[in-house]
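Here is a short briefing to read with the model open beside you. It starts with a term, then goes through confidence, strands and helices.

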Amino acid sequence: MAQHYFDSDPGAASRPSSTDLVLPDLHLRLRTDRGVFSPDRVDLGTRVLLETVPPPPSEGRLLDLGCGYGPVSLTLASRAPGAHVLGVDVNARAVGLARRNADDHGLGNAWFGVVEPGGELAPEQGEGRSPSAGDLLGPFDAIWSNPPIRVGKDVLHSMLRTWLGRLTPEGVAHLVVQRHLGSDSLQKWLDAQGLPAERVASRAGFRVLAVRRAS
């Protein structure tokens, strides 16, 4: 059976490698591996997100939904050293890499955990810093996400309902979604869930949506 980056425990044989995230204010060498999303390079959608969103709040709780090996989470943690950053993903291998990347760069304000298909954090297994402390689970002052669209609508919608529902009243989520993978239909779905979404950037076939709680 084919293995995918959104499998909880990818069976692809490990082949560790690394890639660089280079932004005007940041340069991070990141560990990657087979069986995770975009292991050879930081994908274009993530770059569009990181290059177009406004700066994160300097303090508070910040979330990266679908963190992969950590480029978004670690950008948040670097740009907002006074904030607490939580990165979550369905892929346990990716979460392990994100933890190691945070350690490599001394970003002690970033924590990571695996989410189950229902959208909630899975019980912590093995070693690693646990994000289960109550003050890390929200409410969130900002959410940045390149969501795992290919995981399927049911799982994706469950994840989005769970975590976007934890925005503070003033909080904003920024999601990047490829137009050909349903950015417009996702925007309509978010609106129907009482999470008004506005397109705030468009580049290279990707849309960046700003999502808020209904007032």
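Two strands count as paired if DSSP finds at least two bridges between them. With that in hand, take Ser18, whose bridge partner in E2 is Arg31. Please keep in mind that this is a predicted model, with a mean pLDDT of 88 for the chain.

**Confidence**
- In this chain, 89% of the residues reach a pLDDT of 70 or more.
- Among the elements of the chain, H2 has the highest mean pLDDT, at 98, while helix H4 (residues 153-164) has the lowest, at 90.
- Two stretches deserve some caution: pLDDT stays under 50 over residues 1-5 and also over residues 125-129.
- For residues 1-5 the model has 15 contacts beyond four places in sequence, and for residues 125-129 it has eleven such contacts.

**The hairpin**
- Strand E1 (residues 17-23) and strand E2 (residues 26-32) run antiparallel and are joined by seven bridges.
- Two residues make the hairpin connection from E1 to E2.
- The pair of Ser18 and Arg31 mentioned above belongs to this part of the model, with Arg31 lying in E2.

**The seven-stranded sheet**
- An open sheet of seven strands has the order E5-E4-E3-E6-E7-E9-E8, with mixed pairing.
- Strand E5 (110-114) and strand E8 (197-203) are at the edges and have a single partner strand each, so one side of each has no neighbour in the sheet.
- On average, neighbouring strands of this sheet are turned by 20° against each other, direction ignored.
- Inside that order, strand E3 (residues 59-65) and strand E6 (residues 140-145) run parallel and are joined by three bridges.
- If you would like a residue to find by eye, look for Leu62, whose bridge partner in E6 is Ala142.

**The helices**
- H2 lies across E3, strand E4 (82-89), E5 and E6, and runs at about 165° to E3.
- How do helix H1 (residues 44-52) and helix H2 (residues 71-79) cross? Their axes come within 10 Å and cross at roughly 20°.
- Angles under 35 degrees count as roughly parallel, and H1 and H2 are therefore roughly parallel to each other.
- The crossing of H1 and H2 is right-handed.
- On the H1 side the contact is made by Thr46, Leu49 and Leu50, and on the H2 side by Pro71, Val72, Thr75 and Arg79.
- Sorted by class, this contact of H1 with H2 has four nonpolar residues, two polar and one charged.

Key
Residues are numbered from 1 along each chain as its sequence is written. This is a predicted model: local features need pLDDT of at least 70, side-chain atom pairs count only at pLDDT 80 or more; totals for chains, interfaces and linings use all residues. Side-chain values use heavy atoms; hydrogens and water are left out. Helices (H or I, at least four residues) and strands (E, at least two) are DSSP runs, numbered from the N terminus. Axes are lines fitted to C-alpha atoms, for helices over the stretch in contact, and angles run from 0 to 180 degrees between N-to-C directions. Angles under 35 degrees count as roughly parallel, over 145 as roughly antiparallel, 65 to 115 as roughly perpendicular and the rest as oblique. A crossing is left-handed if the near helix is turned anticlockwise from the far one by less than a right angle, and right-handed if clockwise. Contact means heavy atoms within 4.5 Å. Ala, Val, Leu, Ile, Met, Phe, Trp, Tyr, Cys and Pro count as nonpolar, Asp, Glu, Lys and Arg as charged, and the others, Gly among them, as polar. pLDDT is the predictor's confidence in each residue, from 0 to 100.
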